[in-house]
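Here are a few exercises to work through at your own pace. Try each task before reading its solution.

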Amino acid sequence: MDTEADASPPGRGRGRPRAFDRGAALTAAMHLFWKKGYCATSISDLTEAMGIGSPSLYAAFGSKEALYAEALGHYRETHEAIVWSRFSKANTATEAVEAFLQDSAAGLSRTPNGCMVTLSAVGSEGQTALGALVAAARNVTLERLVARFEQAVAEGEIADTLDIHSLARFVQTVQNGMSLLARDGTSAAELATVAETAMLAWHARIAS
């Protein structure tokens, strides 16, 4: 853990505050919040994990709340491509959904804590503003799915009589459940079978 100023040689006064790698500190905070949640993570936990003193933490990030918000954004920036890359490149909505669910199965199983956004309980822990931030982040999944399905309707892949919003909620709910299972240690292979079963339901629904 760093101190706020290095010891200076005799006669040279106080040293400048010790610099630290802000990006590495943010990543460490992200992993800690991801593992323990917001309320269970103390400032002393954070300073130990980040390798800085509390004055440096407040100077760099403002507050614990602001640090969590930035850590959440950092998580999305560094992890969303895992589940969205093939989705965005797929030629059809069916291919996009299959890629989204299968990539979620593979990606979620590689972490011990599931999805930081999906499983965050910060809103129910009394942090209203952070809860709204997390809810908005969760809603991005629904928005992207709805937009892709609307495109599929326009292209004639999906009938315009289908409830696109409910269809998107179904896919989102499956992925959310997979995240919880991944946190409990469910294997990638088993999560992949969940994705396969969900695709059977998808095909039945869009064919109706």
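## Exercise 1: the largest pocket

Keep in mind that this is a predicted model.

Task: work out which residue classes line the largest pocket, and how many residues each class gives.

Solution. Start with the classes: the lining has 11 nonpolar, 9 polar and 5 charged residues. Taken together, 25 residues line this pocket. Next, look towards the centre, where Tyr75, Glu80, Val83, Cys115 and Gln175 lie nearest. Now turn to the elements: α4 (64-89), α5 (93-108), α6 (116-119), α7 and α8 (164-183) each give two or more residues to the lining. Of these, α4 gives the most, with 7 residues. Finally, the space inside comes to about 400 Å³.

## Exercise 2: serine 179

Task: find out whether serine 179 is buried or exposed, and what it touches.

Solution. First, place serine 179 in helix α8. Its relative accessible area is 0%. Buried means under 20%, so serine 179 counts as buried. Then check its contacts, leaving aside neighbours within four places in sequence: these are Leu108, Gly114, Cys115, Thr118 and Leu119.

## Exercise 3: glutamate 143

Task: decide how glutamate 143 should be classed by its relative accessible area, and find how far its C-alpha atom is from that of arginine 169.

Solution. Begin with helix α7 (residues 128-154), where glutamate 143 sits. Its relative accessible area is 49%. Exposed means over 50% and buried under 20%, so glutamate 143 is partly exposed. Last, the distance: glutamate 143 and arginine 169 are 26 residues apart along the chain, and their C-alpha atoms are separated by 9.8 Å.

Definitions and conventions: Residues are numbered from 1 along each chain as its sequence is written. This is a predicted model: local features need pLDDT of at least 70, side-chain atom pairs count only at pLDDT 80 or more; totals for chains, interfaces and linings use all residues. Side-chain values use heavy atoms; hydrogens and water are left out. Helices (H or I, at least four residues) and strands (E, at least two) are DSSP runs, numbered from the N terminus. Buried means under 20% relative accessible area, exposed over 50%, partly exposed in between (1.4 Å probe, protein chains only). On a 1 Å grid over the protein atoms alone, a cavity is a set of points where a 1.4 Å probe fits but cannot get out, and a pocket is an open set with protein on both sides within 12 Å along at least five of seven lines; lining residues have an atom within 4 Å of a point. Grid points are joined across faces, edges and corners, and a volume is the space filled by probe spheres set on the points. Ala, Val, Leu, Ile, Met, Phe, Trp, Tyr, Cys and Pro count as nonpolar, Asp, Glu, Lys and Arg as charged, and the others, Gly among them, as polar. Contact means heavy atoms within 4.5 Å.
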